[in-house]
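Let's walk through this model together, moving from a loop to the domains and then into the spaces inside. Keep the structure open beside you as you read.

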Amino acid sequence: MEQLLQVENLKTYFKLIDGTVKAVDGVSFSVNHGEALGIAGETGSGKSVTVKSIMRNMPSYAEITADKLTLEGIDLLKLSNKELQDIWGKKIAMIFQNPTSFINPLFTIEKQMTDVICFHEKIKKAEAVKIARNMLVLVGMPDPDAVLKSYPFQLSGGMIQRIMIALSLSCNPSLLIADEPTTALDVTIQAQIIKLLGDIKTHTSGLILITHNLAIITEICDKVAIMYAGKMMEWGGVNQVMKEPAHPYTQGLLAAIPRLSNESKKLEFIPGNIPSTVDPPKGCRFSPRCPYAKPVCTQEEPPMVEIAPSHFVACHCAGEGGCR
Ligand code: SF4
């Protein structure tokens, strides 16, 4: 399959008075045309910073470097701010976790959607209104004409999130990034938005979904990447990683999922906390919490190795029959 996004050795550092925060520290992965990649990990693992770095939507004091960061062959690190603005929305679009923060309360939905569509597509307003209406229909919005004339305060959180998804699809982006798109919604609306993401993923060339919820990734995505403390721990096909997790961190995350069949058992958890990315542990960053840590783990950083076709793991036990 042809590659859509290539990320090699991506690093995003923030130089602060107390030291350098290595929020993303040498992350590599790819998304092929037609694929959906899920990125999972605890809060502070660097998931959101990774995708915002890909978009180059970061504060000016963030230092973003990579050996390769390309979307459809375009070197994203070489783009000027003006070129980036042309790419945002048109080639890469993002759905954020708190949609109400990204919508202007003072303007109607029609104005906000058509402004974006006219800016990128260079078309007349009447045509943009048609596209906006079609997009609202696509995301299952009831009464799209009334919604277009509404102000954000007249709509529910679930409706606003649908509008953000419609807006992000309105210029046919090649890559759609959804950063925890259901976190701010109640449970029934979450289920609707998850179903919607599964339905609309064919309207873009590629999807990156960030979530804490591995079940959502299993439902929607083709590939999964597990991040921890700014590093990629494991990535590969969803079936490979979910059925045969090779990294102790992935195994711990999967074991911690509550299951109805285990209701008499105590919930599993990973002891300890995610380390600081200013002064992370030497060697493997997961070593203070890993039940299989060996002396080498606290001295040498494990390389990322391919243990099966397209299944990569960063663990000293990888390729030795797994952790024991
Ligand atoms: Fe555990 Fe060592 Fe593997 Fe890290 S490298 S996950 S500490 S076994």
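**A walk through the model**

Start in the loop between helix H4 (125-138) and helix H5 (144-148), where you will find Asp143. Keep in mind that this is a predicted model. The backbone at Asp143 deserves a look: its phi is near 50 degrees, a positive value in a residue that is not glycine. Most residues other than glycine have a negative phi. Ala229 is another non-glycine residue with a positive phi, again of about 50 degrees. To find Ala229, go to the loop between strand E10 (223-228) and strand E11 (231-237).

Now step back to the domains. The domain assignment divides the protein into domain 1 (3-91 + 175-320) and domain 2 (101-172). In the contact between them, domain 1 takes part with 16 residues and domain 2 with 14 residues. Measuring from centre to centre on the C-alpha atoms, domain 1 and domain 2 are 30 Å apart.

Where does the largest pocket lie with respect to domain 1 and domain 2? Its lining draws residues from both domain 1 (3-91 + 175-320) and domain 2 (101-172), so the pocket lies between them. This largest pocket holds about 520 Å³ of space. It is lined by 16 residues, and those closest to its centre are Met94, Phe96, Val116, Met164 and Leu167. Three elements each supply at least two residues of that lining: strand E7 (92-95), helix H3 (109-121) and helix H6 (157-169). By class, the lining of the largest pocket is made of 11 nonpolar and five polar residues, with no charged ones.

From the pocket, turn to the cavities. The structure holds two of them with a volume of 30 Å³ or more. The largest cavity has a volume of about 80 Å³. Among the 13 residues that line it, Cys284, Cys290, Cys297, Cys315 and His316 are the closest to its centre. Its lining comprises 10 nonpolar residues and three polar ones, and none that are charged.

What takes up the space of the largest cavity? That space is taken by the ligand. Look at the surroundings of the ligand and you will meet familiar names: of the 14 residues around it, Cys284, Cys290, Cys297, Cys315 and His316 come nearest. The shell around the ligand has 11 nonpolar residues, three polar residues and no charged residues.

The second largest cavity is the last stop, with about 30 Å³ of space. Which residues line the second largest cavity? They are Pro181, Thr182, Ile194, Leu197, Leu209, Thr211 and Ile216. In terms of class, this lining has five nonpolar residues, two polar residues and no charged residues.

To retrace the route, return to the largest pocket, lying between domain 1 and domain 2, and then to the largest cavity, whose space the ligand takes.

Conventions: Residues numbered from 1 in each chain as written. Predicted model: local features only at pLDDT ≥ 70, side-chain atom pairs only at ≥ 80, totals over all residues. Heavy atoms only, no water. Near = heavy atom within 4 Å. 1 Å grid on protein atoms, 1.4 Å probe; cavity = no way out; pocket = protein on both sides within 12 Å on 5 of 7 lines; lining within 4 Å. Sits in = over half its atoms within 2 Å of the grid points. Nonpolar A, V, L, I, M, F, W, Y, C, P; charged D, E, K, R; others polar. Points joined across faces, edges and corners; volume = space filled by probe spheres on them. Helix = DSSP H or I, 4+ residues; strand = E, 2+ residues; numbered from the N terminus. Domains from an automatic or database assignment. Contact = heavy atoms within 4.5 Å.
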